[in-house]
Amino acid sequence: MKKITNFTFIMFIALALMLSSTNLVIAQIGVVNETGGPLTEENMGLTRPDADQLNEDHGAVETWITKWYGLDGNYENNGGFNASGPIDLMALGTNDQITDVSLSTVDGLLMTQDIDVEWPADNGGTRGWTVFEINPDEGNNMVRGGAADNFDHYAIIVIDSPEDMTSVMSPAQDDYAQIWINGEKWHNNSRWTGGAKVVDYNVEVELQKGTNVLLFRCGEGTGSAYFNLHFDDATHNAVTIYPKDATDKASFFDEIAPLTAVEAAGKLTTTWADIKRK
Ligand SMILES: [Ca+2]
Ligand SMILES: [Ca+2]
Ligand SMILES: [Ca+2]
């Protein structure tokens with residue numbers, strides 16, 4: 001009987017140790033409190049309620065993404081982020097050639113090689129595409145040399161994944177975050193998080209094997225103006241994120257050429273097949 005008790009006690013200790021180490025791992029990722037995406041037409045307009053905010057401090061995370069592809073200036077005089085948020089500003093500036101949704105696809109991204117965004121002069125005028133670097137600690141990392149209030153900011157990364165994977169992305173924003181991946185919307189939150197590295201939602205997303213395009217659009221009203229994003233450690237260890245070494249539009253498309261060429265080659269095959277059928 002004594003033996004069994006000792007054995008039970010040892011097992012209890014072992015289990016307790018296992019559980020505590022599991023908890024540590026979970027603590028590094030945080031609580032995943034947004035699942036079941038992508039968003040559908042029905043809940044596309046959802047504004048996340050304050051009650052669900054995690055207010056998690058991710059200040060110690062070292063994988064915040066610093067290099068992005070995007071515009072060399074913002075959409076200005078947006079009338080406040082609540083007014084501009086529902087408007088497809090990409091469609092507005094490209095005569096519907098590129099939309100917010102299509103910009104988060106390889107097709108849309110490739111079109112930015114040749115198409116500048118031409119907004120009205122009051123809204124910033126013509127904007128070109130470039131690579132920029134942000135400081136995740138900077139509370140105004142979206143300002144980019146222009147107006148500090150009432151603007152919308154566009155930022156893109158390409159994620160090269162070795163396989164289909166479920167991943168967790170952690171955004172921080174001030175004010176209104178809208179995030180699309182591969183043509184689908186995964187996050188829509190008009191509430192600022194409360195700190196440049198404070199996360200209110202850890203969002204479960206699906207990445208596909210090969211090329212993934214992520215668009216992080218963020219609307220600013222007044223006060224701080226930041227956007228930030230990182231993934232869980234397993235994702236960062238597995239994938240390669242671009243821009244990597246690129247410093248401008250040309251070098252960005254050079255470095256992602258091996259990724260987008262696969263798509264282009266597939267398209268060429270389809271085109272020839274279509275021609276043969278006709
Ligand atoms: Ca501001
Ligand atoms: Ca918050
Ligand atoms: Ca703000």
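In this predicted model, strand β9, spanning residues 165–174, runs antiparallel to β15, and 6 bridges hold the pairing. One of these contacts can be followed at the level of single residues: M169 has F231 of β15 as its bridge partner. The two strands belong to an open sheet of 4 strands with mixed pairing, in which the order reads β1-β13-β9-β15. Because β1 (32–34) and β15 (226–231) lie at the edges and have a single partner strand each, one side of each is left without a neighbour in the sheet. From one strand to the next, the twist averages 50°.

A wider look at the chain helps to place this sheet. The protein chain contains 7 helices and 16 strands. Of its 278 residues, 39% are buried. Among contacts with a separation of 6 or more, 81% join residues that are 24 or more positions apart.

The largest nonpolar core brings together 55 residues, and those with the most contacts inside it are I156, I157, L214, L215 and F216. Strand β8 (residues 151–161) supplies the largest share of this core, namely 7 residues. F216 offers a good view of the surroundings: setting aside neighbours within four places in sequence, F216 is in contact with A155, A177, I179, F227 and L229.

Strand β8 also holds S161. With 18 other C-beta atoms within 10 Å, S161 counts as partly exposed, because a residue is called buried at 20 or more such atoms and exposed at 12 or fewer. Beyond its neighbours within four places in sequence, S161 is in contact with L207, Q208, K209, G210, N212, A238 and V239. One of these, K209, is 48 residues away from S161 along the chain, yet the C-alpha atoms of the two are separated by 5.1 Å.

How far the model can be read depends on the region. The average pLDDT of the protein chain is 88, and 80% of the residues score at least 70. Over residues 19–27, however, the pLDDT is below 50, and this stretch has 0 contacts in the model beyond near neighbours in sequence. Residues 271–278 likewise stay under 50, with 0 contacts beyond four places in sequence. Where pLDDT is low, predicted coordinates should not be read in detail.

How values were computed: Residues are numbered from 1 along each chain as its sequence is written. Chains are lettered from A and ligands numbered from 1 in the order in which they are written. This is a predicted model: local features need pLDDT of at least 70, side-chain atom pairs count only at pLDDT 80 or more; totals for chains, interfaces and linings use all residues. pLDDT is the predictor's confidence in each residue, from 0 to 100. Two residues are in contact if their C-beta atoms, placed from the backbone, lie within 7 Å. Two strands pair if DSSP finds at least two bridges between them. Axes are lines fitted to C-alpha atoms, for helices over the stretch in contact, and angles run from 0 to 180 degrees between N-to-C directions. A nonpolar core is a set of buried Ala, Val, Leu, Ile, Met, Phe, Trp, Tyr and Cys residues joined through C-beta atoms within 7 Å.
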